[in-house]
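Trainee: Could you take me through one part of this structure closely, and set it in its surroundings? I would like the cut-offs spelled out as you go.

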Amino acid sequence: MKLLVTGGAGFIGSNFIRHLFAGRTGLKVVNLDLLTYAGREENLADLAGHPGYQFVRGDVADRDLVAHLLADGVDAVVHFAAESHVDRSIGGADPFIHTNVVGTHCLVEAARRAGVPRFIQISSDEVYGPVPEGRQAGPDAPLSPSNPYAASKAAADLMVAAAWRTHGFPGIITRCTNNYGPWQHPEKFIPVLAMAALQGSEMPIYGDGLQVRDWIHVQDHCRALEAILLHGEPGRTYTIAGHNSVRNLDMARRILDLAGQPGTAIRHVQDRPGHDRRYDLDDGVTRREFHWEPRISLSDGLTSTLNWYRCHRDWWESLTKTSAEKRRHGVATT
Ligand SMILES: NC(=O)c1ccc[n+]([C@@H]2O[C@H](COP(=O)([O-])OP(=O)(O)OC[C@H]3O[C@@H](n4cnc5c(N)ncnc54)[C@H](O)[C@@H]3O)[C@@H](O)[C@H]2O)c1
């Protein structure tokens with residue numbers, strides 16, 4: 001199997017590539033990543049020199065480069081590359097439009113012209129907007145994004161869906177709830193909590209902290225993506241959930257307890273504008289069709305993730321130092 005994976009130097013993409021290579025022979029992966037502030041080649045240092053793995057630094061919106069990478073034929077494109085942080089999109093949406101919308105459009109066009117047989121668009125539960133208590137959003141729920149990041153992902157998803165309807169382009173959309181696990185950028189919610197707990201520093205929480213998010217370990221997400229890559233049906237949208245709904249404030253307390261730092265202060269700061277109160281996905285179809293379900297309990301996953309951040313202090317310290325924008329107001333769940 002030969003794949004073009006985009007954004008494979010980021011959090012989920014690097015975990016996905018590593019997951020695919022484990023226990024598989026004959027796999028070839030070209031990883032196209034611009035190495036923005038969020039991407040690190042060292043996230044896949046263990047694959048450097050592997051004969052099936054090639055890293056290419058470049059922009060998914062670079063039509064010539066993408067056409068060149070697809071010229072020899074691939075079995076599938078798996079598209080992770082994105083600007084992914086909601087707070088940054090509120091501060092300025094231009095890079096989100098460039099990568100998430102224009103970049104996805106360029107990739108879809110290039111893949112269509114090259115006759116790529118399968119295209120996986122990795123998307124998010126945020127495109128559905130807030131889900132009221134007691135309800136779940138299924139794959140076909142209406143899109144109602146609340147922030148520029150979510151709007152840019154929804155736009156990209158619609159381009160993939162439209163290419164299927166217009167041209168029969170074999171796009172598949174996946175929408176997952178919040179991921180956590182190793183190699184997640186320090187600006188995201190669980191890493192911020194883990195780093196604060198490990199350092200014994202204050203934890204800033206947006207608003208009342210009662211926003212609810214569903215959490216899935218990245219390895220479980222990767223297993224679902226692998227099943228969809230191999231057996232998913234073109235033109236379909238698949239939702240993926242962990243069914244671990246937790247209020248942000250409770251997640252902060254849980255990580256403090258796990259780290260043995262229950263006395264660390266939680267500081268409530270002004271809420272993020274347009275902050276969705278709750279997400280929740282119905283992923284029954286994905287579970288039934290692929291005989292998939294998460295294997296890592298939230299309790300085990302949080303423990304191993306905290307240990308990972310404990311053991312990779314150099315990694316996150318270098319990223320927090322080099323990150324162009326410092327977190328000033330609060331911590332976001334995406
Ligand atoms: N993290 C989550 O909880 C979550 C949940 C659901 C869906 N998603 C989606 O999964 C995908 C990956 O998310 P993540 O958390 O790993 O993000 P990330 O920010 O960790 O990684 C994004 C990667 O994309 C690369 N990139 C950015 N712009 C690029 C461009 N123009 N060309 C090529 N590469 C570029 C970055 O260098 C980085 O390596 C995104 O599409 C995101 O919307 C994430």
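Mentor: Happily; here is a look at helix α6, followed by its setting and the ligand shell. Residues are numbered from 1 along each chain as its sequence is written. The model is predicted, with pLDDT of at least 70 needed for local features and 80 or more for side-chain atom pairs to count, while totals for chains, interfaces and linings use all residues.

Helix α6 covers residues 189-199; helices here are DSSP runs of H or I with at least four residues, strands are runs of E with at least two, and both are numbered from the N terminus. Nine of its 11 residues are buried, so α6 is largely enclosed by the rest of the structure. Buried means that 20 or more other C-beta atoms, placed from the backbone, lie within 10 Å of the residue's own. Among the buried residues of α6 are Phe 189, Pro 191, Leu 193 and Met 195. Gly 200 follows α6 and has a positive phi, near 70 degrees.

Now the setting: the chain has 11 helices and 12 strands, and 48% of its 334 residues count as buried. Its C-alpha trace spans about 55 × 45 × 40 Å along the principal axes.

As for the ligand, 33 residues surround it, and Gly 7, Gly 10, Phe 11, Gly 39 and Ala 82 come nearest; a residue is near if its C-beta atom, placed from the backbone, lies within 6 Å. Elements that each supply at least two shell residues include α1 (11-21), β2 (28-33) and α4 (94-113).

Definitions and conventions:
Buried ≥ 20, exposed ≤ 12 C-beta atoms within 10 Å, placed from the backbone.
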